[in-house]
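This report describes the packing of a single protein chain, moving from its interior to a pair of helices and then to the chain as a whole. Please keep the structure in view while reading.

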Amino acid sequence: MNKSDIIEITKANNIYPNKSLGQSFLFNPSIIDKIIIASEISKDDKILEIGPGLGALTKELLSAAGSVTAVEIDSGLVRILRQELGEYDNIRIVHADFLKIDLQDQFTKVVSNLPYSSASEILFCIAEKYKIKELYIMLQKEMAERIVSTPGSKSYGALTVTLGLYYDPRILFNIDSKSFYPEPDVISSFIKLIYNEDNDLSKEEVVLFHKVVRSVFWGRRKRLLKVLSVSPHLKLPLNLLNEIFYKINIDKNIRGENLDVQDFKYLVKNINIAIKEECITL
Ligand code: SAM
């Protein structure tokens, strides 16, 4: 599928790319090849693709993998996919909003060019609901940089830390906007995320982890001690925080944006112990 095929198919089917659904279709065959190689796909793989669009990437995934489940929200695109991919017996096309369904299958990998406007919600949904081991994802370069960012840098934020609880991320390569139709205003990046098996937080601690992370980046210029006592997400008594900071030897003047994921986990475990001892409900 090249650019003129995409224009022709969309015109013939009265499809007008919908910006709010992030509809920008990848057609550059050398980038599609690069994605297939980088994702190390074999016939043992059961792939989940979110947002197959017109199916240019899906076709190559179908040739390389054991099976592909492709979830597409747009009924016009689903109609085209059913026509275009009808010859394959290893595809399942699901017409749905990925954020609103419960897939029962087990997948080995996600390979997707995500709609940029809902990419972070989709990533959290994959992480928390499906726990798929390997993700190969295309998204906006600026978002990829936030995901791989390090403590203290400008792009380090709630997205970095929350996703970092589940996955170890790496940027594989960038793709310029000319590989898509319509051309997006941004450069894209292809990233790899490997599930972090040593996430030892309990469900209860994960809930607290989210509250702590939201609090820290709600008040990123404030000191950690202060922010945990005044944020709208968590109001812990100052004396309790002082005791916890003393016990685990955290500098009272530190800002939360300087903590890495392991530091956040350690802090959360200790807050959880302390609030249980004091019978505090949040
Ligand atoms: N994979 C195709 C490609 O690379 O050319 C299309 C990628 S396009 C960036 C994003 C696709 O995700 C669109 O086809 C859009 O309709 C679909 N989409 C957007 N939101 C979705 C959702 N919540 N669930 C499933 N698909 C969605």
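In this predicted model, Val-212 is in contact, once its neighbours within four places in sequence are left aside, with Leu-228, Leu-234, Phe-264, Leu-267, Val-268 and Ile-271. Val-212 also belongs to the largest nonpolar core, a set of 92 residues, in which Phe-98, Leu-139, Val-212, Leu-228, Phe-264 and Leu-267 are the residues that touch the most other members. Apart from that core lies another one, made up of 8 residues, including Ile-6, Ile-15, Phe-27 and Leu-77.

Leu-77 offers a way into this second core. The residue is found in helix 4, which covers residues 75-84, and it counts as buried because its relative accessibility is 0%, where the cut-off is under 20%. Leaving aside neighbours within four places in sequence, Leu-77 is in contact with Ile-15, Gln-23, Phe-25, Gly-53, Leu-54 and Glu-72. In addition, Leu-77 and Asn-13 are separated by 64 residues in sequence, while their C-alpha atoms are 9.0 Å apart in space.

How are helix 5 and helix 7 packed against each other? Helix 5, residues 119-130, and helix 7, residues 158-166, meet at an angle of about 25°, and their axes are 9 Å apart. Because angles under 35 degrees count as roughly parallel, helix 5 is roughly parallel to helix 7. The crossing of these two helices is left-handed. The residues that make the contact are listed by helix below.

| Helix | Residue range | Residues making the contact |
|---|---|---|
| Helix 5 | residues 119-130 | Ser-120, Leu-123, Phe-124, Ala-127 and Glu-128 |
| Helix 7 | residues 158-166 | Leu-159, Thr-162, Leu-163 and Tyr-166 |

Taken by type, the residues in the contact between helix 5 and helix 7 comprise 6 nonpolar, 2 polar and 1 charged.

The chain as a whole can be described in similar terms. It contains 11 helices and 9 strands, and its C-alpha trace spans about 65 × 35 × 30 Å along the principal axes. Of the 282 residues in the chain, 51% are buried. When contacts between residues at least 6 apart in sequence are considered, 65% of them join residues that are at least 24 apart.

Definitions and conventions
Residues numbered from 1 in each chain as written. Predicted model: local features only at pLDDT ≥ 70, side-chain atom pairs only at ≥ 80, totals over all residues. Heavy atoms only, no water. Core = buried A, V, L, I, M, F, W, Y, C linked by side-chain atoms within 4.5 Å. Buried < 20%, exposed > 50% of the residue type's maximum accessible area, 1.4 Å probe, protein only. Contact = heavy atoms within 4.5 Å. Axes fitted to C-alpha atoms, helices over the stretch in contact; angles between N-to-C directions. Helix = DSSP H or I, 4+ residues; strand = E, 2+ residues; numbered from the N terminus. Parallel < 35°, antiparallel > 145°, perpendicular 65-115°, else oblique. Left-handed = near helix turned anticlockwise from the far one by under 90°. Nonpolar A, V, L, I, M, F, W, Y, C, P; charged D, E, K, R; others polar.
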